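Here are a few exercises to work through with the structure open beside you. Try each task before reading its solution.

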Amino acid sequence: MAQQAVQPDEATHRLAHDMLMQLSEINTTDSIGSVTAAAEAMVQRFRDAGFPESDIHVLGPNDRKKNLVVRLHGSGKHKPVLLIGHLDVVEARREDWSTDPFKFVEQEGYFYGRGSSDMKDGDAIMSATLMRMKKEGYIPSRDIILALTADEEGGTSNGVDWLLKNHRELIDAEFVMNHDGGGVLSEHGKPLMMEVNATEKLYSDFVLTATNPGGHSSLPRPDNAIYELAAAITRIANYQFPFELNNVTRAYYEGQQKISAGQRAADIAAILKTPPDLDAVARLSKDPIDNSTMHTTCVPTRLSGGHANNALPQTAQANVNCRILPGHSLEEIRLALIKIIADSKIKVQYRDIGGQVLDHGSDRHSFVPPPPRQDVFAALRQVVAEMWPGIPVLPTMATGASDGVYTNAAGMPTYIISGEQYDRDDVRAHGKDERIGVQSFYRGVDFYYAFLKNVTEK
Ligand SMILES: [Zn+2]
């Protein structure tokens, strides 16, 4: 390595801390919060940091859901890079938490507050990084655009989607980096690997319904809505969607192979071959993470049926939640479920994110990822080698969905990258007493500056 890339800066730490505190205390939930208030607070920060009005935009579909777009100009050698982060947070109730979720609390080495790890931390880190670059007069080889947006967690005004549809010119980029995940996975404080989500599965709910004329329960018949629904669910339980790897999951297993041993290493080698060894696939599929990496999965998550203890059920219904591999549409999986269930009496419908139940799924799908960008991964490896010597950098597929579904669909390959370290058994995003380690946060600040500079220097 030519020189140290990581140069911690006290003023940037303080600024990132102050912005995390400020953002945490602005309620940005969908129910009663305002994303606009958080966006406006950040506007003032960017003005104070010397960004001209012409490079700061606050815009959105309504008063509560405005997004912030800021641009740091580069030399124009390459097309811009877009950084995205959501400002909204999941609901949090005071009575569920040990402290007020909308008060920023520092305690025993952690920052507590709703959004402290998902993802007002990332918003503060990316903003502080741009402000430091501005202060230092750094000219990147491409414009760096930052978009802080609404409704990633829910709501009907997704900011990334809205910006792409209404102001594409403001956020158009060659690729995208999202701070909403990834990071250094550790076990009891020991770093294991840096994960970079480079593609994601598509989330989808389907509704299975069995109906029957019903009748008196003293006179049962073989036809019964609950029996039929139970049989349909059993067929889903016994079905495995086909094994499939893409550019990202293949690269993930190539990396895993190097850090695995014994049977697992042999099995990984066997699934990477063409054609893959299906016995090895079956052995690996016993692990839930491997299973979900190699297959589309569908699982029943809710059940309801019947209307009285002494009546034959007239309806029985199940929600089946699927996580769909890139390249397959919602409608394709709905049709697959119909085939798996193989009972025309069971109706299979799609439930959209608003809860509406529809007879058809859309053709929406998560895009098959291109090979991971070498410039991004080379830059990452250099900084990781310095900050967490010896751990691998692994491209991964997220099993949930982020705003990357919109940017990937718009043709901008999206990577979820953060330099925060989190313990495998202390993931509190969306839960009570959400927190981020103080050291993890500050090292995340140091990481992001070094990494972003590394990616945009050449
Ligand atoms: Zn998030």
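**Exercise 1.** Which residues coordinate the zinc ion? Work out the geometry of the site as well.

*Solution.* Bear in mind that this is a predicted model.
- Step 1: the zinc ion is coordinated by His86 through NE2, by Asp118 through OD, and by Asp180 through two OD entries, at 1.8 to 2.5 Å.
- Step 2: placed along the chain, these donors follow the spacing H-x31-D-x61-D. His86 sits in strand 3, while Asp118 belongs to the loop between strand 5 and helix 3, 32 residues apart.
- Step 3: both His86 and Asp118 are buried.
- Step 4: the four donor atoms subtend angles of 55 to 146° at the zinc ion, so the arrangement is irregular. A tetrahedral label would need all angles between 85 and 135 degrees.

**Exercise 2.** Describe helix 7, from its start to its packing partners.

*Solution.*
- Step 1: helix 7 covers residues 247-259 and reaches 19 Å between its end C-alphas, close to the expected 18 Å.
- Step 2: at the N-terminal end, Asn246 acts as the cap, with a side-chain oxygen 2.9 Å from the backbone nitrogen of Val248.
- Step 3: Val248 is also one of the buried residues of helix 7, which include Tyr252 and Tyr253.
- Step 4: the buried residues pack against strand 9, helix 8, helix 10 and strand 17.

**Exercise 3.** Which helix gives the largest share of the largest nonpolar core?

*Solution.*
- Step 1: this core has 68 residues, and Phe451 is among those touching the most other members.
- Step 2: helix 14 supplies the largest share, eleven residues.
- Step 3: the contacts of Phe451 include Met177, Leu380 and Ile417.

Notes. Residues numbered from 1 in each chain as written. Predicted model: local features only at pLDDT ≥ 70, side-chain atom pairs only at ≥ 80, totals over all residues. Heavy atoms only, no water. Helix = DSSP H or I, 4+ residues; strand = E, 2+ residues; numbered from the N terminus. Expected span 1.5 Å × (residues − 1). Buried < 20%, exposed > 50% of the residue type's maximum accessible area, 1.4 Å probe, protein only. Contact = heavy atoms within 4.5 Å. Polar contact = N/O pair within 3.5 Å; in protein donor to acceptor, adjacent residues only side chain to side chain. Core = buried A, V, L, I, M, F, W, Y, C linked by side-chain atoms within 4.5 Å. Donors = N, O, S within 2.8 Å, 3.2 Å for Na, K, Ca; no water. Tetrahedral: all angles 85-135°; square planar, octahedral: opposite > 155°, others 65-115°. Lists of a residue's contacts leave out its neighbours within four places in sequence.
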